[in-house]
Amino acid sequence: MELPAEYNRISGAIVDSALMVHRTLGPGLLESVYEECLAYELRERGFAISRQVGLPVLYREARIDLGYRLDLIVEDLIVIEIKAAERLLPSTKLSCSLI
């Protein structure tokens, strides 16, 4: 499935912004610091950002509002989950979620 050019443009800017944050701050900080800086970087590039958005879980007929928190949503299209780790394990894979 080929994605629209807009997705590629936004995702490219996200990767570039994430690399800028990492190069500037380096490793070893809390996820919240990287999240704040990445949100800042993306806003500076003109993107609409939502932070810590609740995502409910539907369980049978119940809606559980405290299901998940999404770190960042860019342009109401792309979800970013920030992870800070001392090292990556061989089974760790990069994933991308589209809304």
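Q: What makes up the secondary structure of the protein chain in this predicted model?
A: The protein chain has two helices and four strands. Reading along the sequence, you meet them in the pattern α-α-β-β-β-β.

Q: How do you know that a run of residues counts as a helix or a strand?
A: A helix needs at least four residues and a strand at least two. Helix α1 covers residues 5-25, α2 covers 31-44, and β1 covers 49-59, so these runs meet the minimum lengths.

Q: Why is S17 called buried?
A: Buried means under 20% relative accessible area. S17 has a relative accessible area of 0%, so S17 is buried. You can find S17 in helix α1.

Q: Which residues is S17 in contact with, leaving aside its neighbours within four places in sequence?
A: They are L38, E41, L42 and R45. To count as a contact, heavy atoms have to lie within 4.5 Å.

Q: Why is the pair of R45 and D16 called a salt bridge?
A: The cut-off is a side-chain nitrogen of Lys or Arg within 4 Å of a carboxyl oxygen of Asp or Glu. For R45 and D16 the N to O distance is 2.8 Å, so the pair is a salt bridge. In general, side chains of opposite charge can pair when their charged atoms come close.

Q: Which parts of the chain does the pair of R45 and D16 link?
A: R45 sits in the loop between α2 and β1, while D16 belongs to helix α1. The two residues are 29 residues apart, and the pair links distant parts of the chain. R45 is also linked with D16 and E41 in a network of salt bridges.

Q: Are R45 and D16 buried, exposed or partly exposed?
A: Partly exposed is the range between under 20% and over 50%. R45 has a relative accessible area of 32% and D16 has 38%, so both residues are partly exposed.

Q: What makes E35 and R51 a salt bridge?
A: Their N to O distance is 3.0 Å, and the cut-off is within 4 Å, so the pair qualifies. E35 lies in helix α2 and R51 in strand β1, so the salt bridge ties together parts that are 16 residues apart in sequence.

Q: Is E35 buried or exposed, and what about R51?
A: E35 has 5% relative accessibility, which is under 20%, so E35 counts as buried. R51 has 31%, so R51 is partly exposed.

Q: How do you know that E81 and K83 form a salt bridge?
A: The distance from N to O is 3.4 Å, and that is within 4 Å, so the name fits. E81 is partly exposed at 40%, whereas K83 is exposed at 62%, because exposed means over 50%.

Q: How many salt bridges does a search of the whole structure find?
A: The search finds seven salt bridges.

Q: Which residues form a nonpolar patch on the surface?
A: L25, L29, L30 and V33 form the patch, and together they have about 320 Å² of accessible area. One of them, L30, is found in the loop between α1 and α2. With a relative accessible area of 62%, L30 is over 50% and therefore exposed.

Q: What part of the protein chain counts as buried?
A: Of its 99 residues, 24% count as buried. The accessible surface comes to about 7,600 Å², and 57% of that belongs to carbon and sulfur atoms.

Note on methods. Residues numbered from 1 in each chain as written. Predicted model: local features only at pLDDT ≥ 70, side-chain atom pairs only at ≥ 80, totals over all residues. Heavy atoms only, no water. Buried < 20%, exposed > 50% of the residue type's maximum accessible area, 1.4 Å probe, protein only. Patch = residues over 30% accessible without salt bridge, like charges linked within 9 Å, V, L, I, M, F, W, Y side chains within 5 Å. Areas by Shrake-Rupley, 256 points an atom, 1.4 Å probe, with all protein chains shown as cover.
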